[in-house]
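Subject: Structure handover and notes

Dear colleague,

I am handing over the structure we spoke about, and you will find the sequence and the model just below. My notes on what was found in it follow after that.

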Amino acid sequence: MNALGVGFALHPDLDYLELAREILERDADFFEINPETLWRPEEGRLVRNDYYPLYQQIRDRSGKPFVAHGLEFSLGTPVADDRPRSAAWLERLRDDHAEFRFPWISEHLGWQIGGGLQTTLPLPLPPTREAVEVVAERMRLLASVAGLSAFENSANYVALGDPAAEPAFFNEICRAAPCRMLLDLHNVHTQCLNMGLDPKDYVDRLDPDHVLEIHLSGGSASDPDWLDSRRVFRLDSHDGPVPEEVWALYERVLPRCRGLRGVVVERLNGTFGPEGVAGLAEEVRRAKEPLRC
């Protein structure tokens with residue numbers, strides 16, 4: 001399988017797309033999109049929204065590949081508890097794949113649907129055999145759309161079990177589905193900092209042959225006034241430069257990831273202005289350097 005290089009995350013925001021235009025046209029080798037941001041509900045179904053033709057134009061003008069990175073498929077929700085929503089999701093994904101021909105589809109690991117309620121962000125899973133089986137079933141559904149699926153490790157602020165058991169949990173999901181992993185290195189940095197773990201040991205215990213894609217991003221610290229204890233957490237907020245600790249993890253894991261297909265630099269819309277574009281472009285170029293070796 002051919003590697004795509006270093007990509008950049010697209011967001012359905014005209015100001016963001018204009019600010020990042022030079023990066024999109026010059027520096028990025030491919031684009032990563034969140035499929036849900038191109039949908040809207042209509043008469044009980046999910047249909048294409050008004051950003052769809054804009055992304056088609058970006059694809060046609062650039063000739064660059066698109067990969068899909070889902071936000072809300074809720075990998076930790078049993079399929080039996082979520083059949084109507086899952087069916088609508090997969091119908092929409094198949095239409096997207098027919099249009100954009102995604103080399104793979106990835107999704108955030110965690111659960112968001114339960115008891116008729118939905119959370120905004122994925123919540124953590126316990127590292128149990130039952131959770132492995134639930135996630136593996138949903139990963140097989142995603143693979144039925146594009147042929148190749150991956151899950152992204154999350155940055156959680158609570159743990160349902162031993163957080164040091166996560167690498168083994170991820171390895172087991174990859175074997176059970178089978179599927180691949182999107183290794184978000186800022187999430188590793190954030191998780192280990194907040195949970196008191198060694199990030200080098202954490203990544204060393206992952207099976208590198210499972211890593212399909214790597215994410216590089218930045219974050220910030222929480223406000224001490226949020227908690228009575230005034231404890232400060234690292235946030236996976238995608239609102240700042242990639243920290244040097246994350247670059248060091250990138251250099252550590254990259255030579256071992258023999259099946260790597262792509263690296264994506266992420267920054268959320270609304271978190272930078274014109275003065276920040278040069279730094280973002282430099283991050284994309286810096287991510288490319290070790291790939292050329």
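A good place to begin is Leu-183, whose bridge partner in strand 11 is Ile-214. Please keep in mind throughout that this is a predicted model.

The strands around that pair

Strand 10, which covers residues 180–184, and strand 11, which covers residues 211–216, pair in the parallel sense over 4 bridges. On the other hand, strand 10 is also joined to strand 9 by 3 bridges, and these two strands run parallel as well; here Phe-151 stands opposite Met-181 in strand 10. Strand 11, for its part, pairs with strand 14 (residues 262–265) in the parallel sense over 4 bridges, and Leu-216 stands opposite Val-265 of strand 14.

How covered are these strands? In strand 10, 5 of its 5 residues are buried, and in strand 11 the count is 6 of its 6 residues. In a regular strand the side chains alternate between the two faces of the sheet. In strand 10 both faces are covered, with Arg-180, Leu-182 and Asp-184 buried on one side and Met-181 and Leu-183 buried on the other.

A buried arginine

Which partners does the side chain of Arg-180 have, given that Arg-180 is buried yet has no salt bridge? The nearest side chain of opposite charge is that of Asp-209, which is 7.3 Å away. There are, however, two backbone oxygens to mention: that of His-210 lies 3.2 Å from a polar atom of the Arg-180 side chain, and that of Gly-259 lies 2.9 Å from a polar atom of the Arg-180 side chain.

Aromatic pairs

The structure holds 13 aromatic pairs. One of them is formed by Phe-30 and Trp-104, which meet edge-to-face, with 6.5 Å from centre to centre and 65° between the planes. Because Phe-30 lies in strand 2 (residues 30–33) and Trp-104 in the loop between helix 4 (83–100) and strand 6 (105–108), this pair ties together parts that are 74 residues apart in sequence. Both Phe-30 and Trp-104 are buried.

Phe-151, already mentioned as standing opposite Met-181, has a ring whose centre is 5.8 Å from that of Phe-170, and since their planes are at 55°, the pair is tilted. Phe-151 lies in strand 9 (residues 149–152) and Phe-170 in helix 6 (residues 166–176), so that this pair ties together parts that are 19 residues apart in sequence. Phe-151 counts as buried at 0% relative accessibility, and Phe-170 is buried too, with a relative accessible area of 3%.

Elsewhere, Phe-31, Tyr-52, Tyr-55, Phe-66, Phe-100 and Phe-102 form one aromatic cluster.

Charges over rings

Two arginines have their charged ends placed over aromatic rings: that of Arg-85 sits over the ring of Trp-89, 4.8 Å from its centre, while that of Arg-138 sits over the ring of Phe-73, 4.2 Å from its centre.

One further residue

Finally, Gly-279 has its place in helix 10 (residues 277–288), and at 40% relative accessibility Gly-279 counts as partly exposed. The C-alpha atoms of Gly-279 and Pro-241 are separated by 7.8 Å, although the two residues are 38 residues apart along the chain.

With best wishes

Technical notes
Residues numbered from 1 in each chain as written. Predicted model: local features only at pLDDT ≥ 70, side-chain atom pairs only at ≥ 80, totals over all residues. Heavy atoms only, no water. Phe/Tyr/Trp six-rings, centres within 6.5 Å; stacked < 30°, edge-to-face > 60°. Buried < 20%, exposed > 50% of the residue type's maximum accessible area, 1.4 Å probe, protein only. Lys NZ or Arg CZ within 6 Å of the ring centre and 35° of its normal. Lys, Arg positive; Asp, Glu negative; His and termini not counted. Salt bridge = Lys/Arg side-chain N within 4 Å of Asp/Glu carboxyl O. Polar contact = N/O pair within 3.5 Å; in protein donor to acceptor, adjacent residues only side chain to side chain. Pairing = 2+ DSSP bridges.
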